[in-house]
Amino acid sequence: MTRPVLLFFSFLFFSSVYGQVSYSIPEEMARGSLIGNIAQDLGLENKRLIAGKARIFTGDNAEYVELNRERGVLLVKQKIDRELLCGQTMPCALHFQIILENPMELYSVVVEITDANDNTPVFEKSDMKFKISESAVMGAKFLLERAIDPDVGTNGLHSYTLKPSDNFVLKTIKRGDGTKDVEMVLQKALDREKHEQLSLTLTALDGGEPQLSGTMQIIITVLDVNDNPPVCSKQEYKASVPENAAIGTVITTVEATDRDKENNGKVTYDIPKSAAGSFFQINAENGVLSLSRKVDYEKRKVYELDVHVSDQGGLSDACKVIVDVTDINDNPPVINVMSKSNALSEKTSLGTIVTMLNIQDPDSNDNGEVTCDLTENVPFIIKSTANKFFTVITESELDRERTSEYNITVTCSDGGVPSLSSSVTLNLKISDINDNAPVFDKSSYQAYIVENNTPGLSIFTMKATDADWNQNARVSYILEDSSVNGVPVSSYVSVSADSGVIHAVRSFDYEQIKDFQFLVKAQDGGSPPLSSNVTVKILIQDQNDNPPQVLYPVQTGGSVVAEMVPRSADVGYLVTKVVAVDVDSGQNAWLSYKLQKSTDRALFEVGLQNGEIRTIRQVTDKDAVKQRLTVIVEDNGQPSRSATVIVNVAVADSFPEVLSEFTDFTHDKEYNDNLTFYLVLALAVVSFLFITCLVVIISVKIYRWRQSRIMLHSSLPVIPYYPPRYSDTLGTGTLPHVYNYEVCRTTDSRKSDCKFGRAGSQNVLIMDPSSTGTMQRIQNERSILDEPDSPLEMK
């Protein structure tokens, strides 16, 4: 065995690295013999072969070569018989590819198998028999069977020798396809009387070292008087047959003529039973050539047949029939997946190789031209990188949220009519990256909670979703730091990180806070995490937890406030107005007024909505001076709440008239209708009233005297106390008008009289000087009123 010779080395660059290296080795090398150092010849290190999981891809060919990654060499895997592998084809070569991964690389390797002289020339027959007439002319030709030598080149068939050579010499005829036919030419006339039968030895020699040979016996029977040999009408016939032709299909007809008559002119046809001849048969009588076995274009494209024609006298001729096998598109493309990726990140860049394919179609011309397409609507394309090699690469960006998995169907079709195709489906999963922030199901949230709630109460649940997967889609809810009225929002509400449930941290009071808002952040579990915010507004709903509050008349424990009604008052006279408010809202603050108790129910009534106390009949002299009204104020809540106010009314035309009536009148005294009780206490009460009246009269006189002194020294008007103006936006429970009291007195009299200003005016009588309110403020201002009159006041 000789050392392998490196013939050439070249690289081609496509979307993946592609190169080619060639070696030449003789056939019949022992298993394990070295072919070449592939790592060195490709410029690679042995560790690259190991890390890249280098392997040999041979398609559908048998594996004759193996790769040793550790040594980086190619070795003979099994003994190679060139004749079995290639037959007569030259050159004979093994074509395979070496594939590496991470990154993907592809190298083509060609190993040429050179011939060794391991076959001797062989004749298919051990002998040939001829019947030759003694009248055969000089130069008559007799075609001999060729020897077969599977070797090629110099090791193939080289020459023939014929012994003895007294009557015949050999003539070699070289055909256009390189083969050699051998003929035996008569150079000396035969004499049946001398030699009725001749035995010759034909030897075939090859050109190898050492030279090998094969022999065949030629037995000649000398016949008498047949001097015209048969002659073929053509020396060469050409015909074609499709590879799918049925057995028995007629291919052509060989014709030959013999000018002799009778038996000497009868021609027979024969095909030597060589390897090519076994596929055909010829009718011995009429020369019709037909198909005897199925032919396959992919195995053999041309058959050359030698047709022998001979007559009964032993004379013969020969012609050649060349049969071309035409290709039929009977082989679909074969798809070999050389390497593929099972998963890609959605962040994969464009142009990334997904799969590398090898496509084989043994048909020819258009029948073997293959084009490949992918499933529609996938972000991938397929490109041809080299002859019969294709790669599937990414064409557009991947998005796992739109499509998490692709079933890529690769369909390869040839150019035949009709076209044949094959397909393979590749499954590719898209792995997730954190490229989507959580999204709330609403742009903002608004929730309601009733005041006086229990701390820890669940208010509502928010929901955010993340289009990513697994940990990247795990959403946590976080309450953003902020403040409500200077208080951290975390003291009002809390958010469940996992479920998004909003809980109340405290009990809310509608009267203190009616609504507030805050931000909640939804954050996923990716790295880095992505988040989004949403505004949440909480509205506190009112409960009827506050009773009405009476603003007027003011209830004091130590003073008696009476509303004065003149005896001349007509029906509908406005006595006063009960003013109340309710700090609740809505219907909880709708107030209604009812007269619960009255000294004389037939005299007064209370407006249900406005709280105005009016007379319902004409006041008479028989009506009691002191009238006590109990008014209840109720709201419209469920259940309703109420407040009670006592209104004292004096039926009189002047203040002195009612002084004695109100001296024993206390603010919270209840009337007692029990006559027995009054009779028992009558004496004590009369005595007490007498003494009290004297004290009151003296006190009033002193008080009026002092007031007159004040009025003489000041022109300032005396403005009694009246309730402030209250406004109720809901239109209930308020006093819409201001009622003024006007006091008129003479400058030369120390007595004062009350004058009513206009209809609807109110007079307030305060009987206790020690009470708070207007009189108390007047006393506090005594220092101002006692100062000397200003020049303006003197005027």
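The questions and answers below introduce a predicted model of a protein, beginning with its overall make-up and confidence and then turning to particular residues.

Q: How many helices and how many strands are there in the protein?
A: The model is a predicted one, and buried residues make up 42% of its 795 residues. Among the contacts with a separation of 6 or more, 67% are between residues 24 or more positions apart. As for the elements themselves, the count in the protein is nine helices and 55 strands.

Q: What share of the accessible surface of the protein belongs to carbon and sulfur atoms?
A: The accessible surface of the protein comes to about 42,100 Å². Of this area, the part that belongs to carbon and sulfur atoms is 51%.

Q: Over which residues is the pLDDT below 50?
A: The protein averages a pLDDT of 80, and 82% of the residues score at least 70. One stretch below 50 has 49 contacts in the model beyond near neighbours in sequence, and another such stretch has 131 contacts counted in that way. Where pLDDT is low, the predicted coordinates should not be read in detail. The stretches in question are residues 1-17 and residues 714-795.

Q: Which cysteine forms a disulfide with Cys 86?
A: The structure holds two disulfides, and in the one that includes Cys 86 the sulfur atoms are 1.8 Å apart. The torsion about this S-S bond is about 65°, so the disulfide is right-handed. Cys 86 is buried at a relative accessible area of 18%, and its partner, with 2% relative accessibility, counts as buried too. That partner is Cys 92.

Q: How many residues apart in sequence are the parts that the pair Cys 372 and Cys 412 ties together?
A: The sulfur atoms of Cys 372 and Cys 412 are 2.1 Å apart in a disulfide, which is right-handed because the torsion about its S-S bond is about 105°. Cys 372 lies in strand β28 (residues 370-374), whereas Cys 412 belongs to strand β31 (residues 405-414), so the pair ties together parts whose separation in sequence is 40 residues.

Q: Why is there no bond between the sulfur of Cys 319 and that of Cys 232?
A: Cys 319 is buried, with a relative accessible area of 2%, and Cys 232 is buried as well, at 6%. For Cys 319, the closest cysteine sulfur is the one in Cys 232. A disulfide requires sulfur atoms within 2.5 Å, and this pair is too far apart for a bond because the distance is 3.5 Å.

Q: Which residues touch the most other members of the largest nonpolar core?
A: This core has 29 residues, and several strands each supply at least two of them, including β34 (444-450), β42 (515-523) and β43 (531-541). Apart from it lies another core, of 28 residues, among them Ile 25, Leu 67, Leu 74 and Leu 100. Within the largest core, the residues that touch the most other members are Met 462, Val 493, Phe 516, Phe 518, Val 520 and Ile 538.

Q: Which residues of strand β17 point to one face and are buried?
A: Along strand β17 (residues 236-242) the side chains alternate between two faces. Glu 236, Lys 238, Ser 240 and Pro 242 point to a face where they are not buried. Those that point to the other face and are buried are Tyr 237, Ala 239 and Val 241.

Q: What is the bridge partner of Val 241 in β24?
A: Strand β17 is joined by seven bridges to strand β24 (residues 316-326), and these two strands run parallel. Within β24, the residue that serves as bridge partner of Val 241 is Val 325.

Q: How far apart in space, C-alpha to C-alpha, are Pro 566 and Val 619?
A: Pro 566 has its place in the loop between β45 (561-565) and β46 (574-577), and it is buried, with a relative accessible area of 8%. In sequence, Pro 566 and Val 619 are 53 residues apart. In space, from C-alpha to C-alpha, their separation is 8.0 Å.

Definitions and conventions. Residues are numbered from 1 along each chain as its sequence is written. Side-chain values use heavy atoms; hydrogens and water are left out. Buried means under 20% relative accessible area, exposed over 50%, partly exposed in between (1.4 Å probe, protein chains only). Helices (H or I, at least four residues) and strands (E, at least two) are DSSP runs, numbered from the N terminus. pLDDT is the predictor's confidence in each residue, from 0 to 100. Contact means heavy atoms within 4.5 Å. A nonpolar core is a set of buried Ala, Val, Leu, Ile, Met, Phe, Trp, Tyr and Cys residues joined through side-chain atoms within 4.5 Å. Accessible areas come from the Shrake-Rupley method with a 1.4 Å probe; for residues, only the protein chains shown count as cover. Two strands pair if DSSP finds at least two bridges between them.
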